Amino acid sequence: MTRTTRLPAAVLAAAALAFGVAACGSDNGGGSSGGGGGASAPGITKTQVTVGGHFPLTGPAAPGYSEIPRAIDAYFQHVNAQGGINGRKLKMITRDDGYNPTNTVKVTKQLVLQDKVFAILGGLGTPTHTKVVDFLNASRVPDLFVSSGCLCWDEPDKHPWTFGWQTDYKVEGKILGQYIADHYKGKKVAYFLQNDDFGTDGAAGLDQYVPKASVVTRQTYEPGNTDIGPQMAKIKASGAEVIASFSIPAYTALVTLAGVKLDYHPQLVVSNVGADPTTLTGLLKAFSKGKAPASLIDGVRSAYYLPSGDDTSNPWIAQFKMIHDKYIPKLPWDGNVLYGEALAFTFAEALAQAGQNPTRQGIVDVLESGKVKGPGLVPFRYSKDSHAGFTGEAQSVIKDGKLVEEGKALQTDDGSGDITPTDFDPGQPPANMIPAGSD
Amino acid sequence: MATRTAVVGDKERRRPMERARQATLVRHLTVALVAGLVLYVVSNALSAFDNLQLATMAYSFTAVAGLTVLTGLNGQVSLGHGAFMCIGAYATAKLLGEGTDHLPLALVLLLAALITAVGGVLAGAAAARLRGPYLAGATLALAVGLPTIADRFPTFLGASNGLTVIPSTPPASLGATFPLERWQAWITCLGALIVYVLLANLMRSRYGRAFRAVRDDEVAAELAGLHVARVQVLAFVVSAACAGLGGGLFVVVTQLAAPGAFALTLSVALLAAVVLGGLGSLWGAALGSAAIVLIPQWSDDLSKSLSLSSNVQANLALAVYGALLIGVMLAAPRGLAGAFDWVHQQVRRASTRREEEEQA
C-alpha cells in the first residue's frame, strides 16, 4: 500500500504547499491593487499614503524605542484628523524585528513586497538597518530617516534612496568629545561602546577631541548580553573619572546600576540615543525592582538636536505634547515620543512639498533640494551630495530628572571640520502642525 | 503487508511502466520531477513576497527533512538543529565572502553541507552515548551555545552584527526584470528536491532499515549484527548535513548569517515542524515546514487586523501560533501526514467495501 500511495501523496503535498502560498498570495494581491486610481507610486492611492518601518517592539531595545512607531502613528492620526496631506491620509505599518538583524531582513521584505509601502520610515537601529539598505536601494524604495546615527546612511552614491535623520554619531562624538576636553581637563576617561558602527562612529568623533593619553580603557558590549559586570570592573580598575558611553538606554541604565554596586561614581557623558531621562528612570526602576532612586541619573551629560521635551515654553514642544496628550496619553511624554513625532513631522513636510502626485523619486528630489527644515535646533545637511540628517546638537544635562539644554546649538561635519555655534531657527510651527506644500 | 506480497507475486504480469515505478530511484526522481514542475509553475505565478515565503519553506524543509530522519527514523531527539543550520550558514557566508568572485554557489553549498557534516560527526559521537532527556539536554546546549561563538570572534564572524553576502543574482539569460525572489525560490526548491531524492532513497535502503531497527530496539539491532553507535552517528551526520545545506540556503535568501537567526526558537521550530508534519515522513516534513512558515504569518496578520495596541499585537501572534500548534497536535496526534493517511485509509476502506458489495 505504501508504494502505491507515495506518488500521489507527494504530489498532493506539493500541491498543498502551492495552494497554501497561492491562497495567501491572492489575499495580498487584492489588498494592494485595491486602490488603483490616483496611484502615482506603490503605497499611494487617491486617499492614502502608506509607509512602514521596522522597530523593536520586543527584546532588549524595546524599552523606550517601542514608543517611536506609536508616536509616528499619533502624529499621523493628528494629520488625518485635519484632512491629511494634499488630501491623502497617512498610514504607518509597524513590524517588530526585536532588534534582531535576521528579523529585520524578514519584516522589511514583508513591508516592501507584501504591504507594498511607499517608503520605509524611521527603520530603527544600526546593526538591524544595515542589513536591509542594499535591498531597499535595489528595490528603489525611499528609505527615509533611519532611526540611527550611523554615518553609513549618508552614502548618496551607493545608497541614493537612503536618508539619515538624527545627528550622526561621529558629529555627536565630536561635540561630546569637545565638552570632555574642555571641562574635564586632565581627567582619566573610559569609553563604553556598543560593539558595532554605533560605538565605532561615536568613538571616532570622541577621539578627535579627547586627548589620546587620557583615554585609559575602551570597553564594548554586545546588545542582547546584559551582563556588563566584567567591563565595568575593568573601567573601575582603570581609575577613570569620566565614562563616555555610546549605548542604548538599557545599557546606560546598567552602567549606572553597576556603578552603585561597585560604589563607583564617575561622570557619565552619554550619546543622546541612550540618555533620555524618562526612559532611563523607568529602566532603573524596572532593573532594580524599584530600589534605585531616580536621582541616580542626575548630572548625566549628553547633547541633543531637538528642543528639550521638558521645555514646554517652546512652541514646537507645546504642539507635539498636545498631540501626545490627545492620541497616546498612556505613553510617558519622553524623548522617544518626541523623536517619533518630530520624525513623522519631517516626513509630512517632505510629502507636502512633493506635490499633488508624489512619487518615490519626487520625495527624494524634495529632500535633496534642501528645502525641508524640520523642527530641530540645527538644520539638516540634505543635498544632492549629502543624505545626512541634523548637523549638530546642543549640550545638555539631566537636572531633577529633566533634560536641560545649555547654550547655543553647535554644528559641525563628520570630517575634521571645526565645531561652530549656529543661529539656526526653525521658526514658528505651522498652523495645526500641518506642514504646507511648496506652492 | 499483504498487498505488498501480492504486488511482488504479480510482478511477471506487470507492465513496464509499473515495474519502473517500483525501482526506488526512478520513483523518487519522478516525484521530484513532478514536484519540481509544480513548483516551477507556482513560482512563476507567485508575487515576490510569496516566492520569498516559498524559499523560506524550501530551506526549512531541507533542515526539517534531515531532522525527521534523525528523530522519526532513528529515534534520536535533537533540540540543536538550529546550531547545524548556523554552521552551514556561517560556512556559506565565509565561502561566499564579501565580493562577487567566489566559488560557484552549488559548490559552496555542497562544502557548507560537508563542513556541517563534520560537525555532525562530533555531535553524533557524543549523542550516541546519550539517551532520551540527556540527549535532548546536550543538543539543547549546542543550540544555545554555538551561535554565541560568533561574539567571541568579532572580526572573523562579525559578532552579533553578523556576516553579509552579496545576493546571487539571476543569470542574465532570464531577463533583466527577472525577480530576485523567484530566483531564490528556484535555488532553494532545487536544494530541497535534491535532499528529498537523497533522503527518500536512503530511507528505503538498507541504511534506512538499519536506522529503523536501531530506533525500535537497540539490543535486537545489535543481535542482528548492526553496530548501533555507528548507525546513530551516521544518522546524525546525514541529518546535520541536511541542516547545514538548509543554513546555506538560508544565507542565499537573507544574505545574512547572524547569531540572532539561530536562537533556540529556531531549533524548537524545526522540531515542531517534524512533529507537526508527522515523525519520519518526508512529505510530513514538507507540510510541517509550510506550517511553521505560514502559521506565524497568518497569526501575525490576524493579530494585526484586530487593531490592538502594539504591545499586545507583538505577543498575540506568538500566542496564536502556540494555540494552533496545540490544536493540530490534539486533532492529529500523528501529525498532518498521519491525518492525511487516515483520511486516505478511510476513503480506501469505503471504496473496497463498495467493490466487495458490487462483486457480491
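Buried residues account for 49% of the 360 residues in chain B of this predicted model, where buried means that 20 or more other C-beta atoms, placed from the backbone, lie within 10 Å of the residue's own, exposed means 12 or fewer, and partly exposed covers the range in between. Because the model is predicted, local features need pLDDT of at least 70 and side-chain atom pairs count only at pLDDT 80 or more, while totals for chains, interfaces and linings use all residues. For orientation, residues are numbered from 1 along each chain as its sequence is written, and chains are lettered from A, with ligands numbered from 1, in the order in which they are written.

Chain B holds 17 helices and two strands; helices (H or I, at least four residues) and strands (E, at least two) are DSSP runs, numbered from the N terminus. Its radius of gyration is 22 Å, which agrees with the value near 21 Å for a compact globule of 360 residues; the radius is taken over C-alpha atoms, and the globule rule is 2.2 Å times the number of residues to the power 0.38. Along the principal axes, the C-alpha atoms of chain B fill a box of roughly 75 × 50 × 45 Å. Of the contacts in chain B between residues at least 6 apart in sequence, 78% join residues at least 24 apart, a contact being a pair of residues whose C-beta atoms, placed from the backbone, lie within 7 Å.

Helix 4 of chain B, residues 48-73, offers a handy check on geometry. Its 26 residues should span 38 Å at 1.5 Å a residue, and the 36 Å between its end C-alpha atoms agrees with this; the expected span is 1.5 Å times one less than the number of residues. In helix 4 of chain B, 25 of the 26 residues are buried, so the helix is largely enclosed by the rest of the structure. Just after this helix, B:Gly75 adopts a positive phi of about 75°.

Two further residues of chain B show contrasting surroundings. B:Trp183 sits in helix 10 (residues 180-204) of chain B and is buried, with 20 other C-beta atoms within 10 Å. Not counting residues up to four places away in sequence, B:Trp183 touches B:Pro170 and B:Phe178. Its C-alpha atom is separated by 9.0 Å from that of B:Pro171, twelve residues apart along the chain. B:Gly327, by contrast, lies in helix 16 (residues 310-331) of chain B and counts as exposed, with 10 C-beta neighbours inside 10 Å. The C-alpha atoms of B:Gly327 and B:Ala138 are 29 Å apart, with their positions 189 residues apart along the chain.

Turning to the nonpolar interior, the largest nonpolar core has 233 residues, of which B:Ala58, B:Ala65 and B:Ala273 touch the most other members. Such a core is a set of buried Ala, Val, Leu, Ile, Met, Phe, Trp, Tyr and Cys residues joined through C-beta atoms within 7 Å. Helix 13 (residues 228-254) of chain B gives the most to this core, with 17 residues. Domain 1 and domain 2 of chain A both contribute residues to the core, so it lies between them. Leaving aside neighbours within four places in sequence, the contacts of B:Ala58 include B:Ala185, B:Thr188 and B:Leu249.

Chain A comprises 14 helices and 13 strands. Its radius of gyration, 23 Å, is close to the 22 Å that the globule rule gives for 439 residues, so chain A is as compact as a globular protein of that length. Of these 439 residues, 57% count as buried, and the C-alpha atoms fill a box of roughly 80 × 70 × 40 Å along the principal axes. Among contacts in chain A between residues at least 6 apart in sequence, 69% join residues at least 24 apart.

Chain A divides into domain 1 (48-167 + 311-390) and domain 2 (170-304), with bounds from an automatic or database domain assignment. The C-alpha centres of these domains of chain A lie 27 Å apart, and 16 residues of domain 1 are in contact with 18 residues of domain 2. On the domain 1 side, helix 2 (62-65), helix 5 (126-129) and helix 13 (335-353) of chain A each supply at least two residues. For helix 13 of chain A, 19 of the 19 residues are buried, so this helix is largely enclosed by the rest of the structure.

Note on methods:
Contact = placed C-beta atoms within 7 Å.
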